[in-house]
Amino acid sequence: MNRIEAKVESCSLRDSIAWLRLDRGRLAVRPWPGMKAGQRVRVRIAPDDIVLCAMHPGPTSARNVLAGRVRSVRRTPAGSLVAVDVGFPLVALVTHRAVAD
């Protein structure tokens with residue numbers, strides 16, 4: 001599980017989006033009850049919720065399209081864990097076939 005500490009930069013219930021500021025980057029999230037600008041928060045991102053692309057995917061509804069660099073790949077029975085630096089560390093879980101491709 002990716003655990004990230006951040007500060008709420010802005011929060012818009014009308015637009016259903018909040019921006020979190022990290023040491024070296026930003027993340028868009030859906031606001032949760034009680035969230036307000038300036039608040040320190042922790043978020044978790046499951047490795048299997050991360051999609052890796054070899055290039056920018058083009059027009060998308062996704063708000064978190066982050067350029068990054070692969071740092072390591074480790075095979076596990078469940079798939080391959082790919083460590084990526086996107087300005088902060090993330091670990092993605094992909095299939096072994098995806099790594100081979």
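A pocket here is an open set of grid points with protein on both sides within 12 Å along at least five of seven lines, and a residue lines it if one of its atoms is within 4 Å of a point. By that definition, 39 residues line the largest pocket of this model, and Ile50, Val51, Asn64, Val65 and Leu66 lie nearest its centre. The model is a predicted one. The description below starts with the overall layout, goes through the two sheets, and then returns to the pockets.

The protein has seven strands and one helix. Read from the N terminus, the elements follow the order β-β-β-β-β-β-β-α, with the helix at the end. The C-alpha trace spans about 40 × 30 × 20 Å along its principal axes.

One sheet is open and contains four strands, arranged as β3-β2-β1-β4 with antiparallel pairing. Its edges are formed by β3, residues 25-29, and β4, residues 40-45, each of which pairs on one side only. From one strand to the next, the twist averages 45°. Within this sheet, β1 covers residues 2-12 and is joined to β4 by six bridges, the two strands running antiparallel. A residue pair that shows the register is alanine 6 of the model with its bridge partner in β4, valine 41.

The other sheet is also open, but has three strands in the order β5-β6-β7, again with antiparallel pairing. Because β5 and β7 stand at the edges and have a single partner strand each, one side of each is left without a neighbour in the sheet. On average, neighbouring strands of this sheet are turned by 20° against each other, direction ignored.

In sequence terms, β5 runs over residues 69-76, β6 over 79-85 and β7 over 89-94. Seven bridges connect β5 with β6 in antiparallel fashion, and the two strands form a hairpin with two residues between them. The register can be followed along the pair. Threonine 76 stands opposite glycine 79 of β6, arginine 75 stands opposite serine 80, and serine 72 has alanine 83 as its bridge partner.

On its other side, β6 is joined to β7 by six bridges, and these two strands also run antiparallel. They too form a hairpin, here with three residues between the strands. Glycine 87 lies in this turn and has a positive phi of about 105°. Aspartate 85 stands opposite proline 89 of β7.

The pockets draw on these elements in various ways. Rolling a probe the size of a water molecule over the atoms shows where empty space is left. The largest pocket has a volume of about 1,200 Å³. The elements that contribute two or more residues to its lining are β3, β4, β5, β6, β7 and α1, the last of these covering residues 96-100. Sorted by class, the lining comprises 27 nonpolar, five polar and seven charged residues.

The second largest pocket holds about 170 Å³ of space. It is lined by Arg3, Ile4, Glu5, Lys7, Arg21, Leu22, Asp23, Arg24, Arg40, Gly87, Phe88 and Pro89. At least two residues of this lining come from each of β1 and β2, the latter being residues 17-22. The strand that gives the most is β1, with four residues. By class, the lining of the second largest pocket divides into seven charged, four nonpolar and one polar residue. Gly87, one of the lining residues, is the glycine with positive phi in the turn of the β6-β7 hairpin.

A last point concerns the aromatic rings. A pair of aromatic rings is described by the distance of the centres and the angle of the planes. With the rule that ring centres of Phe, Tyr and Trp must lie within 6.5 Å, the count of aromatic pairs comes to zero. There is, however, a contact between a charge and a ring: the charged end of arginine 26 sits over the ring of tryptophan 19, 4.2 Å from the ring centre.

Conventions. Residues numbered from 1 in each chain as written. Predicted model: local features only at pLDDT ≥ 70, side-chain atom pairs only at ≥ 80, totals over all residues. Heavy atoms only, no water. Pairing = 2+ DSSP bridges. Axes fitted to C-alpha atoms, helices over the stretch in contact; angles between N-to-C directions. 1 Å grid on protein atoms, 1.4 Å probe; cavity = no way out; pocket = protein on both sides within 12 Å on 5 of 7 lines; lining within 4 Å. Points joined across faces, edges and corners; volume = space filled by probe spheres on them. Nonpolar A, V, L, I, M, F, W, Y, C, P; charged D, E, K, R; others polar. Phe/Tyr/Trp six-rings, centres within 6.5 Å; stacked < 30°, edge-to-face > 60°. Lys NZ or Arg CZ within 6 Å of the ring centre and 35° of its normal.
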